[in-house]
Amino acid sequence: MISQFFVLSQRGDNIVFRDYRGEVAKGSAEIFFRKVKFWKEDGQEEAPPVFNVDGVNYFHVKVVGLLFVATTRVNVSPSLVLELLQRIARVIKDYLGVLSEDSLRKNFVLVYELLDEVIDFGYVQTTSTEVLKSYVFNEPIVVDAARLQPLGPAAIFMQGTKRMPGTAVTKSVVANEPGGRKREEVFVDIIEKISVTFSSSGYILTSEIDGTIQMKSYLSGNPEIRLALNEDLSIGRGGTVYDYRSSSGSGAVILDDCNFHESVRLDSFDMDRTLSLVPPDGEFPVMNYRMTQEFKPPFRINCLIEEAGQLKAEVIIKVRAEFPSNITANTIAVQMPLPKYTTRASFELEPGAVGQRTDFKEANKKLEWGLKKIVGGSEHTLRAKLTFSQESHANLTKEAGPVSMTFTIPMYNVSRLQVKYLQIAKKSSSYNPYRWVRYVTQANSYVARI
Amino acid sequence: MAPPAQSQRSPSPSQPSGKSEVSDLKLQLRQLAGSRAPGVDDSKRELFKKVISYMTIGIDVSSLFGEMVMCSATSDIVLKKMCYLYVGNYAKVNPDLALLTINFLQRDCRDEDPMIRGLALRSLCSLRVANLVEYLVGPLGSGLKDSNSYVRMVAVMGVLKLYHISASTCIDADFPSILKHLMLHDSDTQVVANCLSALQEIWSAEASTSEEASREREALISKPFIYYLLNRIKEFCEWAQCLVLELVTKYVPSDSSEIFDIMNLLEDRLQHANGAVVLATIRVFLQLTLSMTDVHQQVYERIKAPLLTLVSSGSPEQSYAVLSHLHLLVMRAPYVFSSDYKHFYCQYNEPSYVKRLKLEMLTAVANESNTYEIVTELCEYAANVDIPIARESIRAVGKIALQQYDVNAIVDRLLQFLEMEKDYVTAEALVLVKDLLRKYPQWSHDCIAVVGNISSKNVQEPKAKAALIWMLGEYSQDMQDAPYVLESLVENWDEEHSAEVRLHLLTAMMKCFFKRPPETQSALGAALAAGIADFHQDVHDRALFYYRILRYNVSVAERVVNPPKQAVSVFADTQSSEIKDRIFDEFNSLSVLYQKPSYMFTDKEHRGPLEFADELGNLSIGEAANNVVPTQMVEENDKDLLLTTSEKEETKGSRNNGSAYSVPYDGSSTSVFASQTQIESAVSNPTLAGHSPQASFAIDDLLGLGIPAAPAVLSPPQLKLNTKAALDPSTFQQKWRQLPVALSQEISVSPQGVAALTAPQALLRHMQSHSIHCIASGGQSPNFKFFFFAQKFEESSNYLVECVINTSSAKAQVKIKADDQNTSQDFSTLFESALSKFGTS
């Protein structure tokens with residue numbers, strides 16, 4: 001049970017504010033914002049998603065730079081409230097197409113309409129985009145998606161690849177297309193976030209894949225959909241002990257664990273690994289999965305730091321792409337903390353390098369190396385000459401690193417989990433909606449120690 | 001139309017902000033009110049939007065109330081909704097004008113469109129104006145009978161709203177029983193769920209005054225009703241499922257086959273993508289199996305994978321909420337998770353609050369087989385750019401060292417930290433090495449060799465400096481230049497800002513002096529002189545004490561300041577196991593995230609400050625009390641708290657009292673036993689020496705604490721109390737309401753009493769030895785609250801006491817009520833005498 005819900009902009013302005021029970025004083029938004037902004041005096045630490053000030057519990061989630069906040073005085077389930085806040089953000093996005101400060105401000109009356117139906121007197125009524133459709137009457141005012149920060153994992157498809165219809169992910173579930181009729185289509189995205197830690201000698205210390213099969217349906221008449229996954233897919237490892245030597249090479253995909261959206265029926269899952277569901281409107285995760293099975297990391301990172309004379313050192317970072325050459329990774333960023341007493345860094349890129357940029361962040365003593373794209377099979381090197389303000393006594397490798405990396409690789413997934421087919425059960429020969437099955441791999445925490 | 005961005009952050013009436021705009025709007029609204037021109041609805045929409053946007057950013061637009069209501073005569077549903085929103089917001093401050101809206105809302109409640117009916121009914125109930133409740137009863141009554149489920153859904157919540165505005169109107173209209181009927185028979189699950197929410201609130205609030213309500217509330221956790229809900233659970237939406245699961249947690253099955261039935265039924269809920277559903281299910285599983293050790297253990301194994309999946313999917317906020325629960329389980333049963341330690345490794349981009357939880361988990365799961373890898377990982381974090389986390393990582397290494405038997409390798413790592421030449425790393429490592437030496441004195445040779453190389457000039461942090469000085473004093477016979485290092489520290493006495501460091505320096509000088517007198521004597525003199533001249537009270541006192549005891553007799557001084565030490569076996573845990581149990585009982589709530597039980601952070605009207613005296617209090621209540629599970633107690637609010645025990649009498653089940661958890665603790669992490677060095681405790685707490693009250697009072701006097709010998713002054717009480725008195729909480733509560741206050745007074749509590757009152761339980765035990773029994777207690781330092789009762793010997797005459805103790809003022813506010821008013825003074829004397837002995841026996 002919650003007492004209030006509000007959305008604050010980055011500057012702390014109320015964009016919407018709804019008081020459901022009148023138990024928490026009006027100034028709560030300001031109290032909240034001040035607390036979040038100045039959590040620790042040094043500003044170093046982030047405020048946790050839930051905290052208590054004078055008997056009022058504040059919950060918040062950050063979505064596209066906005067703060068979605070709920071307050072309550074009672075001891076509720078934090079998961080429920082945080083999940084709800086996230087869900088409200090998603091429902092709003094389903095309606096507005098794009099979730100941003102601008103679109104929220106333009107559509108705040110519609111958002112109030114939604115909020116009235118989602119929560120009554122603090123109790124959740126429904127968060128189903130479909131059910132809500134019959135209660136919401138405002139037409140969304142669609143904002144131009146192109147110049148906005150996209151939201152959510154699916155938004156990554158908008159970068160770089162022309163194969164994806166970029167506007168689809170920012171299409172409102174209620175707004176009509178300019179042409180009048182809506183396009184019948186369904187998107188299935190297999191999004192994998194990978195975490196890998198390499199030891200200083202290049203061994204994999206830990207690795208994990210956190211995957212989601214995300215669906216967004218614009219199909220009319222709620223047809224049933226069947227999704228077939230790898231036939232040899234198995235779930236549950238014997239214990240969760242890591243073992244990187246076993247099962248390499250064999251084709252089976254072994255998930256540690258997974259969970260499903262409530263619309264998913266698993267009647268034949270055990271037999272033929274198919275999921276059947278009637279997709280609700282809007283965006284939702286069909287299935288989340290977790291895998292610690294060995295996989296081939298898409299990038300190998302080599303890093304060397306050594307003294308090069310008095311008050312000087314050299315850093316060499318090599319990144320090798322270990323995926324097929326028909327695949328291209330984009331928006332790659334490599335970061336490395338340098339010794340605190342570094343005053344200057346001069347960079348040397350390989351000859352003929354394009355679309356690369358380097359930077360030394362003076363404030364937090366960080367080296368940054370950005371690459372627009374990396375083609376599979378290629379290797380890139382960065383050399384940096386560092387100047388120190390004082391002589392270092394200790395081992396340089398203890399003063400710098402680790403190297404971390406972020407990237408996005410469209411049309412590639414490391415787990416080899418696949419959607420073999422996507423069947424729409426609607427008996428009409430003329431009915432042939434667009435089906436998009438897309439894969440993407442992203443770095444979650446990709447770290448090489450030095 | 002967007003709300004004006006970034007204008008008035010804190011609008012106050014005195015500010016002119018928005019004033020002219022508001023009067024402008026007023027004018028425009030007036031013009032449109034009567035207009036029937038085509039397109040007028042569109043212009044109204046624009047105006048209404050403007051009004052709502054002002055409302056959102058906090059500009060007071062309540063002065064437009066009349067105009068808004070006039071404009072509301074429309075068939076445009078968007079307009080209607082905006083108007084409802086506005087009216088709901090301002091009706092409370094404009095009760096007179098709110099009356100204007102009743103008319104059109106009531107009319108809309110009879111509209112043929114169920115949507116309009118529902119919306120109007122919701123707005124009508126949201127006005128929150130007390131003198132308009134009479135207009136609610138009719139529309140609510142027909143709303144509950146509406147053929148459309150949306151209207152019924154709204155009406156049910158409307159009943160709850162009405163209850164909060166005027167409970168008597170709601171009860172008089174017999175709405176609760178209509179809700180009950182709907183709950184059992186409605187075909188729409190959301191209607192059922194809303195009925196359940198509403199009735200839980202209403203009956204809980206009523207239960208303290210109405211027997212019937214408390215019976216009804218109890219019926220919610222009866223077998224037929226729970227089964228009715230469980231059998232339909234998949235028809236409920238995910239949020240309502242959470243509600244049902246929460247209720248199931250309170251249900252006590254009659255036998256183990258029932259438990260397994262429920263668990264099998266709910267098994268697939270663990271695969272739900274919504275973390276709230278999974279956690280609610282886990283709570284049911286954990287509660288159901290509390291008394292079945294083996295199954296409980298299996299539950300831990302079963303829920304591991306789903307929890308880990310939830311932690312790694314979803315937003316960082318959601319994953320934090322789940323991780324906190326995983327943290328709780330790991331701390332309770334570390335061995336179950338010892339092979340999953342890699343999941344608790346920190347990722348560089350995680351926020352500090354996540355890393356901190358993970359570090360604690362890593363510390364907890366460390367055992368013989370994984371320690372090496374965990375410590376290696378933790379050492380990586382020591383060089384982390386995030387300095388607070390680096391520090392905690394080092395502390396974690398230290399904690400692991402203190403809980404392991406084979407610390408060989410870890411000591412090496414710690415010593416490597418000292419060589420890393422990062423000031424914060426050195427500082428943390430010094431503190432750890434000190435603690436390590438207190439537990440494992442056998443490592444002193446390896447450690448002091450390294451510590452000896454550290455220049456005290458490189459150590460600035462008080463805690464680290466104090467640790468270094470302690471080691472210099474303690475091992476001065478083995479460290480060549482200890483006297484000289486200490487001497488140089490004494491020379492810089494005035495520059496040392498931390499009193500803690502100066503205190504340590506004095507003691508270290510003394511220890512060093514006993515071992516190497518010729519080298520230390522002059523420096524000791526300088527230290528004592530500087531100490532006696534110190535402006536800090538403690539430093540001054542300690543220096544003077546050392547000086548006097550040295551003058552009295554040097555060998556006595558050595559026995560006092562530097563006696564042979566016993567190694568510390570276990571350092572005290574910061575949180576009592578009772579608190580931990582309580583948090584566990586409140587699984588899937590904020591208690592887990594805050595790591596404190598709910599009574600510590602919820603305020604009075606939302607949770608009573610009282611908890612049951614579940615240890616000794618229950619014994620006096622009798623058999624029934626043994627079945628009380630703390631979860632239920634803390635769920636209740638202030639007044640009806642006392643009722644739960646009696647309610648549970650019928651629900652005796654497989655559970656025994658709340659503390660009988662089948663998951664054993666890792667002894668080292670929860671034991672509160674700490675063996676202090678003898679002399680330190682003897683010096684700091686002389687009262688421990690005395691076992692009889694007389695003895696300790698004698699010492700008090702000796703120390704000049706000026707305690708009046710209270711027990712001696714009080715005349716022996718005439719009144720005899722029944723040592724085996726029994727009173728059930730509901731009788732207590734009833735009596736407490738009925739009886740007048742016989743006596744009300746303030747009693748001083750002795751300093752020993754205050755010192756002993758670290759937790760309510762200490763006092764309960766004490767009072768029970770005086771035949772005064774506790775029925776409920778609660779609070780935390782400095783405010784504790786107790787309800788006691790006593791019975792006259794061989795008579796059923798009761799005394800009831802409310803006692804609020806403030807430990808900082810050392811005063812107790814006591815209210816006494818008695819069946820027999822004539823003896824209340826005697827009882828009061830007895831009570832005072834009993835209380836005054838607290839902490840002294």
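Is the crossing of H10(B) and H11(B) left-handed or right-handed? The crossing is left-handed, and the helix pair concerned is taken up again below, once the two chains have been introduced. The model is a predicted one, for which the predictor gives the complex an ipTM of 0.88 and a pTM of 0.76.

Chain A may be considered first. In its secondary structure, 7 helices stand beside 26 strands. The chain has 450 residues, of which 60% count as buried. Its exposed surface amounts to about 18,100 Å², with carbon and sulfur atoms supplying 49% of that area. Among the contacts of chain A with a separation of 6 or more, 70% join residues 24 or more positions apart.

The confidence of the prediction for chain A averages a pLDDT of 85, and 87% of the residues reach 70 or more. Residues 147-168 of chain A have a pLDDT below 50, although the model shows 40 contacts for this stretch beyond near neighbours in sequence. A further stretch, residues 238-249 of chain A, also has a pLDDT below 50, with 21 contacts beyond near neighbours in sequence. Where pLDDT is low, the predicted coordinates should not be read in detail.

Two loop residues of chain A illustrate local features of the model. A:Val24 occupies the loop that leads from strand E2 (14-19) to helix H1 (28-37) of chain A. With a relative accessible area of 6%, A:Val24 is buried. Neighbours within four places in sequence being set aside, the residues in contact with A:Val24 are A:Ser3, A:Gln4, A:Asp19, A:Val56, A:Thr71 and A:Arg73. One of these partners, A:Val56, is separated from A:Val24 by 32 residues in sequence and by 7.3 Å in space, C-alpha to C-alpha.

The second residue, A:Lys365, belongs to the loop between strand E21 (356-361) and strand E22 (366-375) of chain A. The backbone of A:Lys365 has a phi near 50 degrees, a positive value in a residue other than glycine. A:Lys365 counts as buried because its relative accessibility is 15%, which falls under the 20% cut-off.

Chain B is built from 43 helices and 6 strands. Of its 841 residues, 57% are buried, and the chain exposes about 34,700 Å², 51% of which comes from carbon and sulfur atoms. Residues 24 or more positions apart make up 68% of the chain B contacts with a separation of 6 or more.

For chain B the mean pLDDT is 79, and 83% of the residues reach 70 or more. Among the elements of this chain, helix H16 (residues 275-288) of chain B has the highest mean pLDDT, 95, and helix H33 (residues 616-621) of chain B the lowest, 31. At the start of the chain, residues 1-16 of chain B have a pLDDT below 50, with 35 contacts in the model beyond near neighbours in sequence. The pLDDT also stays under 50 over residues 608-714 of chain B, a stretch with 218 contacts beyond four places in sequence.

The helix pair of the opening question consists of H10 (residues 175-185) and H11 (residues 189-206) of chain B, whose axes come within 9 Å and cross at roughly 145 degrees. On the H10(B) side, the contact is made by B:Pro176, B:Leu179, B:Lys180, B:Leu182 and B:Met183. H11(B) contributes B:Val191, B:Val192, B:Cys195, B:Leu196, B:Ala198, B:Leu199, B:Ile202 and B:Trp203. In terms of residue class, this contact has 12 nonpolar residues, no polar ones and 1 charged.

Elsewhere in chain B, B:Lys511 forms part of helix H27 (residues 499-515). The relative accessible area of B:Lys511 is 5%, so the residue is buried. Residues up to four places away in sequence not being counted, B:Lys511 touches B:Trp470, B:Gly473, B:Glu474, B:Ser476, B:Val561, B:Asn562 and B:Lys565. By contrast with these contacts, B:Met292 lies 55 Å from B:Lys511, C-alpha to C-alpha, at 219 residues in sequence.

Finally, B:Asn588 is located in the loop between helix H31 (577-585) and helix H32 (590-594) of chain B. B:Asn588 is not a glycine, yet its phi is positive, at about 65 degrees. At 10% relative accessibility, B:Asn588 counts as buried.

Definitions and conventions
Residues numbered from 1 in each chain as written. Chains lettered and ligands numbered in written order. Predicted model: local features only at pLDDT ≥ 70, side-chain atom pairs only at ≥ 80, totals over all residues. Heavy atoms only, no water. pLDDT = per-residue confidence, 0-100. Contact = heavy atoms within 4.5 Å. Helix = DSSP H or I, 4+ residues; strand = E, 2+ residues; numbered from the N terminus. Buried < 20%, exposed > 50% of the residue type's maximum accessible area, 1.4 Å probe, protein only. Areas by Shrake-Rupley, 256 points an atom, 1.4 Å probe, with all protein chains shown as cover. Axes fitted to C-alpha atoms, helices over the stretch in contact; angles between N-to-C directions. Left-handed = near helix turned anticlockwise from the far one by under 90°. Nonpolar A, V, L, I, M, F, W, Y, C, P; charged D, E, K, R; others polar.
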